[in-house]
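User: I'd like to learn how to read the boundary between two domains in a model. Could you walk me through this one?

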Amino acid sequence: MTTTTAPTASGTAKSLTIEALHKNYTSRGRESFHAVKGIDLDIRPGELVALLGPSGCGKTTTLRMIAGLETVTSGDIRIGDRSIPDLPPGKRDVGVGFESYALYPPLTVRQNLAYGLKARKVRDADARVQAIAERLEMTDLLDLRPAGLSSGQKQRVALARALIRNPPVLLLDEPLSHLDAAQRQRVRRELKVLQREFGYTTIVVTHDQLEALSLADRLAVMNNGVIQQFGTADEIFDDPANLFVADFVGEPKINLTEGVAESDGTVRVGRDGRLVSAARSVPAGGSVTVGIRPQDVQLAEAGSVSVPAEVVVFEDLLEFGLATVRVEGLDSHLVVQTPAGVVRRRGDRLHLSAPPERVYLFDADSGDRLR
Ligand SMILES: Nc1ncnc2c1ncn2[C@@H]1O[C@H](COP(=O)(O)OP(=O)(O)OP(=O)(O)O)[C@@H](O)[C@H]1O
Ligand SMILES: [Mg+2]
């Protein structure tokens, strides 16, 4: 699905290294706010990293510090081996696609895009504007002024403006969020093609998991100002570092339920359910949080180590089905993904199990993964 090493078409691709980066917002008369709490990220030359996390977790703050739009409280950021926190934004070699990054209202889109290039006396500025506009399907916007653009159109202009300078490092904050579904897919693909062609070392912030999976070489999952896990999609999906990551990444969402570790190494789920987990560091008798992805639930033989369940609702989604099941002794229902063509009915009784390495256990208090 993803590769660990990003091919770099351009020989000038540079690494982006973030070390112990903090941001403390302070403003007079208000309590300070620690928005970014010691982030480390080592992004390879030409790599595309998706930054994922809930609203307010510090994604934009992180990008703004890299771009130089926000001061760094402490820590270092390096492009190649050059430390950048003391450089002005214009000297950082960073292309920025932020929605809030204003266009000059009196200029047309074409003039806006050419502006920076002409200021730097780039000779083929007009041809480059034309070329990027064609690739992002926005030639029809070139002679309009910013005030007349829809939010989706503004977004494509912002993306074009970030790309047109061929920056070694590209930072994009929700670059496709206002596009309609069809456009989103096309622009997403083109963005990836351009990124590969030019070897931009890229961070894309997105709320959309599918977008993150389709674009990124690696994902950085963030919460509360901290990177919770940094890895390929497979690593994050198959081996989540903690409860937050397991819960945040994956569709349909992972089942999370309370369980009790038994002395025989199994985990009790509900009144009569038992599951085997590969985790060894679980104290017998201890309460744990059990996580099982709907895709990992299998049918088992009655009488085996399994969880008896009854179907409450079945949804046939063509490519697969989703059975919502009730387990005696559990407050919440579990969701089970079934293969295409398998139909379940309300009231069907099932016995559920999962491969031990796909039964994740978490500390019920801290959410840390128990291994
Ligand atoms: N200038 C500021 N002064 C004080 N606090 C701020 C400032 N800018 C952002 N914050 C706070 O820092 C935290 C992180 O904000 P940030 O914009 O980085 O989040 P985000 O992850 O980009 O969220 P979203 O997905 O909603 O865009 C938030 O709690 C926000 O309220
Ligand atoms: Mg943001």
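Analyst: Happy to! Let's begin with polar contacts: pairs of N or O atoms within 3.5 Å, where within protein one must be able to donate a hydrogen and the other to accept it, and residues adjacent in sequence count only if both atoms are side-chain atoms. Across the interface of domain 1 and domain 2, 6 residue pairs are in polar contact, both residues at pLDDT 80 or more. This is a predicted model, in which local features need pLDDT of at least 70 and side-chain atom pairs count only at pLDDT 80 or more, while totals for chains, interfaces and linings use all residues. Residues are numbered from 1 along each chain as its sequence is written, and side-chain values use heavy atoms, leaving out hydrogens and water.

User: How many salt bridges are there between domain 1 and domain 2?

Analyst: A salt bridge puts a side-chain nitrogen of Lys or Arg within 4 Å of a carboxyl oxygen of Asp or Glu. Here the count between the two domains is 2. Asp238 pairs with Arg358 in a salt bridge, with 3.2 Å between the closest N and O atoms.

User: And how do I read buried area?

Analyst: Buried area is the accessible area (1.4 Å probe) that two parts lose on being put together, summed over both. Domain 1 and domain 2 bury about 760 Å² between them, with 54% of it on carbon and sulfur atoms. Of the area that domain 1 buries against domain 2, Phe237, Pro240 and Leu243 supply 68%, more than any other three residues.

User: Where do the domain bounds lie?

Analyst: Such bounds come from an automatic or database domain assignment. Domain 1 covers 16-93 + 167-243, and domain 2 covers 254-370. Their centres, taken over C-alpha atoms, are 34 Å apart.

Terms used
Chains are lettered from A and ligands numbered from 1 in the order in which they are written.
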